[in-house]
Amino acid sequence: MTNINTENLPLWVQNRDTVLKANKNVQWRYDKQPDYTKSNQNFAKESKQNHPANSLEALVQNLVRTFDIEANFKTDPQQWISVVQDKFRMSTNGGTNYKLEDLVESGTYKLLIGDTQHYKASEENFETSTNLFHSAFPEGFLWEVVEVYSAPPTIAVKWRHWGHFRGAYKDYVPTGETIEIIGMSIVKVTDDLKILSLEHYYDNTKFLDKLTSGGKTSGGAKQTPPSLQQKFWGFIKQLLRPQLKPATVNLQTSRCPFANLINK
């Protein structure tokens with residue numbers, strides 16, 4: 001943990017609620033300011049960290065939260081305050097460098113995941129992609145800083161992203177499982193702590209495999225995960241019919257160069 005001078009901090013590294021209160025005359029997506037009341041409540045209950053207000057970890061977490069507000073809800077790039085608009089770039093696992101306009105058009109999910117076995121970014125748009133994950137995680141998909149390894153201007157940060165899989169993902173049954181992603185990002189910032197670039201590194205295959213692990217719904221209707229009693233009788237039937245073998249699934253190999261590091 002690194003302590004910092006919290007006096008005269010720029011708005012974009014302050015508390016998310018403070019940032020929202022200060023944003024006036026903003027062109028919001030959906031024509032209204034986002035409400036994070038439920039997210040704040042869930043975060044307070046489920047966060048594993050307790051970063052002091054004067055720590056670098058808290059500052060970085062606030063900065064990324066401000067960026068998240070803007071990436072999801074501000075449709076005019078010139079109104080973004082967390083980045084240097086004409087220089088900003090974002091990439092995932094060493095892939096394409098995206099500009100601010102790409103984020104506004106496509107959203108973070110498309111650009112962070114790309115085309116994979118269980119998610120095709122090329123077949124999604126901002127709305128369909130956002131609704132897909134909001135449906136899967138009806139209680140929110142929360143994010144927090146775990147640890148910061150280096151100070152500005154090049155910040156290396158380990159983070160945690162998690163949610164409760166209680167809504168359908170496409171036509172896959174929700175399992176009720178808490179799905180967690182651990183990743184790393186390199187954040188390059190200016191002297192006044194505006195983001196110049198974001199490089200994300202994480203293994204998205206494990207995340208998507210868990211979203212499809214419950215199997216598909218029957219006849220397009222949503223199903224709930226099997227009860228303990230159903231699991232028990234299923235187990236008994238398997239014992240009585242040993243010739244039946246469970247199907248196996250070939251999992252897609254991760255292309256993340258940091259997979260061995262970030263999952264420890």
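**Working through the strands, the core and the odd torsions**

In β4, the residue bridged to G163 is I179. Strands here are DSSP runs of E with at least two residues, helices are runs of H or I with at least four, and both are numbered from the N terminus. Two strands count as paired if DSSP finds at least two bridges between them.

This is a predicted model, where local features need pLDDT of at least 70 and side-chain atom pairs count only at pLDDT 80 or more, while totals for chains, interfaces and linings use all residues. Numbering runs from 1 along each chain as its sequence is written, and side-chain values use heavy atoms, with hydrogens and water left out.

**Exercise 1.** Trace the strand pairing from β2 through to β1.

*Solution.*
- Step 1: Start at β2 (residues 141-148), which runs antiparallel to β3 with 7 bridges. F141 is bridged to G163 of β3, and the two strands make a hairpin with 5 residues between them.
- Step 2: Move on to β4 (residues 178-189), which pairs with β3 over 11 bridges, again antiparallel. G163 reappears here, with I179 as its β4 partner.
- Step 3: β4 also pairs with β5 over 6 antiparallel bridges, and I186 sits opposite E199 of β5.
- Step 4: Finish at β1 (residues 89-92), joined to β5 by 4 bridges in the parallel sense. T92 is bridged to H200.

**Exercise 2.** Find the largest nonpolar core and the helix that gives the most to it.

*Solution.*
- Step 1: Take the buried Ala, Val, Leu, Ile, Met, Phe, Trp, Tyr and Cys residues joined through side-chain atoms within 4.5 Å. Buried means under 20% relative accessible area, exposed over 50% and partly exposed in between (1.4 Å probe, protein chains only).
- Step 2: The largest such core has 48 residues, and F67, F133, Y169, F207 and L211 have the most contacts inside it.
- Step 3: Helix α3 (residues 56-73) gives the most, namely 7 residues. Of the 18 residues in α3, 17 are buried.
- Step 4: Check the length of α3: with an expected span of 1.5 Å times one less than the number of residues, its 18 residues should cover 26 Å, and the end C-alpha atoms are 26 Å apart, so the two agree.
- Step 5: Zoom in on F133: leaving out residues up to four places away in sequence, its contacts (heavy atoms within 4.5 Å) are Y109, I113, Y119, Y169, F207 and L211.
- Step 6: Don't miss the second, separate core of 6 residues, with V26, W28, Y36 and I69 among them.

**Exercise 3.** Which backbone torsions at P153, N25, K170 and L193 deserve a look?

*Solution.*
- Step 1: Recall the background: most residues other than glycine have a negative phi, and most peptide bonds are trans.
- Step 2: The P152–P153 bond is cis, with omega about 15°, and P153 belongs to the loop between β2 and β3.
- Step 3: N25 has phi near 55° and is exposed at 78% relative accessible area.
- Step 4: K170, in the loop between β3 and β4, has phi of about 55°; at 39% it is partly exposed.
- Step 5: L193 takes a positive phi near 70° in the β4–β5 hairpin.

**Exercise 4.** Where does pLDDT stay under 50?

*Solution.*
- Step 1: pLDDT is the predictor's confidence in each residue, from 0 to 100; the chain mean is 85, with 80% of residues reaching 70 or more.
- Step 2: Values stay under 50 over residues 220-224 and again over residues 241-264.
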